[in-house]
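Thanks for passing this one along. Here are some notes to read beside the coordinates, set out as numbered points.

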Amino acid sequence: MVPANLEYENLIDLIASYADKGRGESVSFLNWFLENIFRLDSISADDSICDRPNDRGIDGIYVDHDQEEIVVLQSKLRQKEATVGDAPFRDLAGTLTQFKDRGAVESLLNGGGNQDLKHILMREHVADLIENGYQVVGSFVTNQPLDTNGQEFVEQADNIRAYDRNRICSEFIDIESEGGVDEKFVMDASYVEPMKIQTGDSATTYIFPAKASELVRMSGIDDGTLFSQNVRQSLGNTKVNKSLQSSVKDQNEHQNFPLYHNGVTILCKNAQYEDEKITIENYVVVNGAQSISTFKKSSSHLSDDLRVIAKVVELDDSALARKITVNSNNQNAIKPRDLKSNNEVQIRLKEEMKAVAGGAYDLEIKRGEPSREGAIVITNEEAGRLLLASDLEEPYSCHQVYKLFDEKYADIFARPSVNAWRIVLLHKIMEQVEASMQNIEYKPLSKYGLTRFFLLSCVFHLIQEDNVSRFWMQRPRKVFENGNVDKFCAAVSEVLKTLIVDLNYEVKELGDSFDYKGDLKGPNKISELRGKLMTSYMKDVARDKASAFKEMLA
C-alpha cells in the first residue's frame, strides 16, 4: 500500500463494502482499520465499534488481553488534503480522563452517553479491568499524515498512539504485492560456510547465521518496504517483541540466540556467495519482521555475538515467492480441524458429497486441499457452524470456531442424521437466509457475522414445528432425489420474508436496549428474541390458515 491509497478519492473505494453497514465514513474507515491493521476478525471488529451518536468522543473500544490494555479508538477521515497537528491528540487525552479509574467508567455508564458505548463497557467489564491494572491507551486513526506538532505530542505522550497515513501504509500487508528493496546488500558469512541448497532450476537457498548488527542496516526497515510481503510484520509492542527485546538487551544471551529463534527468510532476485560474503540484490524479508524491527530499536545493545539464522532464497518466480511467504508465516500450532481431517467421519462425509446433486458439491476437510473441478466447495468448518446453529440450536457459539472440532465435535458431526445431503440442504437454506438479510432495516445488524446463524436457527425451528417441512428435513436425500430442492428453498424464502418483517419490528421496539453484539452471543437473549419471532410468525400462519411450507411442499 502507498500513501495515495488513503487519499479520500481512493479510500472511499477501499472502504465501500464497510459503508454498506449503514455507518458514516469515519466509522467505516475504522472498521477497515481494525480488520486490516489490528487484524481482528469481522465479528470482533464490529464488537469494538460504537455505532450510534453521542459517543463521548469514543468511536470504539478494543480490549487487548495479551497486552493488558484497553484501547480507546477515535477515527477521523478527511476529504481535503491536510496534515494533522496536536489538537486532536489533546482532545483524545481529554477523552481518556473518562477512564482514569473505576469511578470514572461508572459515571460513563450512568451518564447520558449512547447505549452502544455502554454496552461495550459492560460486555468487556472495562471498570473491573481498570481496577485490576489494565492500562488505558488512546489510538487516533486518520487518513492524513501528522505534522511536526502532532508527531512531537505523540512522542511525548506514553498513553496515546497515532495511526496516520504513513504508519497505516507501512503496517498494511498485501502478500500479492511485489514490494521489497531494489538495492544490493552485503552480509558477512565468515562465521561458518553457508549451506547451499539447489531446488531444481527455480531456487537457490543459502542458510547461515547472520549478524543482527548487519541486518539492521538493510534499507526499508523504517518505512516498511523491506517487509512489504511479511504477513505479520512487526505487530507492534507484543509479548513476542518484549521477549526479543529482553534477550537483545542481555548480552550474555547473545550467543544462545540462534538456539531458540526461528530465523529470518529473505527472498531476492540475485544472491552470490564469494570471499566469505553473501551479496543479495532486489530483496524482501518475508518472515522475521518482528526480529529485525526489534534489533533496529535496540541497536545500541547489539554485539557481534548476536546472530540469527538467515535463509536467503534466490528466485524469480512470483507464484513460488507467494507460497514461501504464506508458508513461512504459517507457523501456528496445529489446529483441531487439522487433527480431524483424517477422521473417518470427515472422510465419509467427503465421499458422500460425490453423490449429492450429481457431484455438484465438495467438502473441504483439510486447509488448502484441492477441490473437484467445477464443484461448489463447502468447508467442514462452515458445515459445522450450520449444524451447530440448527441441530444444536447454538447460533450464539458460531463465532467460537475452535469448538467445532474440539469439545463439540461428536455432538455436531458424529450423529446418524448427519450426512452430506443434510449439510448441502442446510447450505441451501443459508443461501436463502443471506439473500433475505438485505431486507433487515438496521444495516449494522444485517452485516453482523452472527445474524445469519441466528436467522438460520429461527428458520430451522419453524421447519421442526411444521409436519410437512420436518418430514423432508428428516429425509434430506429424498429432497434432492425427488427434485424438491427448489420448492424447499422457495418455502424457506417465503418464511424469511415474514421473519424479517417481525425482526424489524422487534428491533424498533427494543430501541437502544437492543445490544445485538452482546445479545446474539447470549443463550437467554437469543431464546427470548427467537421466541418473540416464533410467536409472531405462528399468529401470521393462523391468520392465513396455512404455512409457506404446507403450501409449497404438500
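**Notes on strands and aromatic contacts**

1. A word on the source before anything else: this is a predicted model. Please keep that in mind as you go through the points below.

2. Let's start with strand β3, residues 135-142. Of its 8 residues, 7 are buried, so β3 is largely enclosed by the rest of the structure. Strand β2 (residues 69-76) pairs with β3 in the parallel sense, and 8 bridges connect them. If you want a register check, look for Q74, which stands opposite F140 in β3.

3. β3 also pairs with strand β4 (residues 160-163), again in the parallel sense, over 4 bridges. Here S139 has R161 in β4 as its bridge partner. Which handedness does the unit made by β3, helix α9 and β4 have? With helix α9 spanning residues 148-156, this β-α-β unit is right-handed.

4. Next, the open sheet. Six strands might be easy to lose track of, so here is the order: β5-β9-β8-β10-β7-β6, with mixed pairing. The edges are held by β5 (181-188) and β6 (195-199); each has a single partner strand, so one side of each is left without a neighbour in the sheet. From one strand to the next, the twist averages 40°.

5. At the β5 edge, the partner is strand β9 (residues 277-287), and the two run antiparallel with 6 bridges joining them. One of the bridge pairs to look for is K184 with E281 in β9. As a general reminder, strands of a sheet pair through backbone hydrogen bonds, either parallel or antiparallel.

6. Now strand β11 (residues 361-364), where both faces are covered. Y361 and L363 are buried on one side, and D362 and E364 are buried on the other. In a regular strand the side chains alternate between the two faces of the sheet. The neighbour of β11 is strand β12 (residues 376-379), paired in the parallel sense over 4 bridges, and L363 stands opposite I378 in β12. The buried D362 and E364 are the residues I would look at here.

7. Turning to the rings, how many aromatic pairs are there? The count comes to 15. One of them is F185 with Y283, a tilted pair at 6.1 Å centre to centre and 50° between the planes. F185 is in strand β5 and Y283 in strand β9, so to speak two distant parts of the chain, 98 residues apart, linked by the pair. F185 has 10% relative accessibility and counts as buried, and Y283, at 1%, counts as buried too.

8. Another pair worth displaying is Y442 with Y516, which is edge-to-face at 5.8 Å centre to centre, with 85° between the planes. Y442 lies in the loop between α19 (420-436) and α20 (443-446), while Y516 lies in helix α25 (residues 516-519), so the pair ties together parts that are 74 residues apart in sequence. Both Y442 and Y516 are buried.

9. Finally, F33, F38, Y62 and Y163 are linked into a cluster by ring pairs. Y163 has a further contact: R167 lies over the face of its ring, at 4.0 Å from the ring centre.

Notes: Residues are numbered from 1 along each chain as its sequence is written. This is a predicted model: local features need pLDDT of at least 70, side-chain atom pairs count only at pLDDT 80 or more; totals for chains, interfaces and linings use all residues. Side-chain values use heavy atoms; hydrogens and water are left out. Buried means under 20% relative accessible area, exposed over 50%, partly exposed in between (1.4 Å probe, protein chains only). Two strands pair if DSSP finds at least two bridges between them. A crossover is right-handed if, with the strands pointing away from the viewer, the path from the first strand over the helix to the second runs clockwise. Axes are lines fitted to C-alpha atoms, for helices over the stretch in contact, and angles run from 0 to 180 degrees between N-to-C directions. Rings of Phe, Tyr and Trp (its six-membered ring) pair if their centres lie within 6.5 Å; planes under 30 degrees apart count as stacked, over 60 as edge-to-face and the rest as tilted. A charge sits over a ring if NZ of Lys or CZ of Arg is within 6 Å of the ring centre and within 35 degrees of the ring normal.
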